[in-house]
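Q: Got a minute to go through this one with me? I'd like to start with the ligand and what sits around it.

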Amino acid sequence: MRLILLGPPGAGKGTQAEELVKRLGVPQISTGDILRGAVKQGTPVGLKAKLYMDAGDLVPDDVIIGVVKERLMSPDCGNGYIFDGMPRTINQAEALDEQGVVIDAALSIEVPDEEILRRLGGRRTCPECGAVYHVVTKPPLAPGICDACGAALITRKDDDPDTISNRLMTYHKETEPLKAYYKSQGKLITVNGVGSVGETVAATLDALGIA
Ligand code: AP5
């Protein structure tokens with residue numbers, strides 16, 4: 001299965017990817033996670049990406065295309081993968097096509113902007129293992145502490161209200177047109193992402209025909 005998860009920031013792409021990885025046994029390729037890892041390590045890619053990410057702008061296409069090309073060469077991608085947050089522009093989608101990447105489906109998780117503000121305002125993430133929580137809908141067992149590794153949870157720098165607004169604007173302008181792009185290829189599937197995590201997982205599996 002080669003799958004693309006589309007959707008606005010905070011739609012639950014990472015949350016759904018976590019479930020799909022368990023079901024399908026293929027890796028999640030999150031360009032956001034890869035870039036945050038590069039920032040943490042201070043690599044040249046990370047140094048270049050940081051300013052764009054902190055402002056809620058897209059990292060330039062050439063950087064993303066290079067990072068993804070390298071990731072796809074890993075042996076764990078042999079049986080498929082789930083793209084989370086890639087492609088985000090028509091240029092990136094065309095680059096995947098040019099590299100011969102044939103996807104089975106592009107699944108768009110539909111969530112209105114008002115709900116996105118609620119979700120990202122309450123999101124907490126683990127800086128060590130990357131686990132994602134929400135103070136209301138998915139709280140950790142002990143407040144502020146990661147269930148998985150015990151590290152102190154943080155609020156992502158790009159989850160402040162002004163940056164969220166910019167990310168949403170960028171999504172509507174640059175990324176939403178990908179729905180038409182994949183629709184024209186007969187690959188677009190949409191799911192309602194407004195329900196609970198469990199309801200959205202069920203809708204996603206149903207839409208993909210996975211029992
Ligand atoms: P990235 O990390 O990809 O961020 P994003 O797309 O903005 O997506 P998020 O990680 O914020 O949200 P999500 O949809 O995964 O939601 P989540 O599951 O966490 O990118 C960050 C930055 O990197 C970009 O701004 C850009 O600068 C750069 N970048 C990355 N890829 C790039 C690319 N291809 N090109 C250019 N630049 C790129 O859920 C959100 C919250 O809601 C959580 O708290 C969760 O618990 C909760 N939640 C999830 N589902 C539900 C539900 N059904 N009900 C209630 N709560 C829910």
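Q: How do the residues of the shell around the ligand divide into nonpolar, polar and charged?
A: In this predicted model, the shell holds 12 nonpolar, 14 polar and 9 charged residues.

Q: And which residues are the closest to the ligand?
A: Those are T15, D57, R88, R123 and R167, out of 35 that surround the ligand.

Q: What about R36, how far is its polar side-chain atom from an oxygen of the ligand?
A: That distance is 2.9 Å. For R156, a side-chain N or O atom is 3.1 Å from a ligand oxygen. V197 uses a backbone N or O atom instead, 3.4 Å from a nitrogen atom of the ligand.

Q: How much of the ligand's accessible area does the protein cover?
A: The protein covers 97% of the 1000 Å² that the ligand has on its own.

Q: Which element gives the largest share of the shell?
A: That's α2, with 4 residues.

Q: Switching to salt bridges: which side chain does R36 meet?
A: R36 pairs with D33, at 2.8 Å from N to O. The two are 3 residues apart in helix α2, so about one helical turn separates them.

Q: Is D33 buried, exposed or partly exposed, and what is its relative accessible area?
A: D33 is partly exposed, at 43%. R36 also counts as partly exposed, because its relative accessibility is 29%.

Q: And which residue does R156 bridge to?
A: R156 forms a salt bridge with D158, with the closest N and O atoms 3.0 Å apart. Both R156 and D158 are buried.

Terms used: Residues numbered from 1 in each chain as written. Predicted model: local features only at pLDDT ≥ 70, side-chain atom pairs only at ≥ 80, totals over all residues. Heavy atoms only, no water. Near = heavy atom within 4 Å. Polar contact = N/O pair within 3.5 Å; in protein donor to acceptor, adjacent residues only side chain to side chain. Areas by Shrake-Rupley, 256 points an atom, 1.4 Å probe, with all protein chains shown as cover. Nonpolar A, V, L, I, M, F, W, Y, C, P; charged D, E, K, R; others polar. Salt bridge = Lys/Arg side-chain N within 4 Å of Asp/Glu carboxyl O. Buried < 20%, exposed > 50% of the residue type's maximum accessible area, 1.4 Å probe, protein only.
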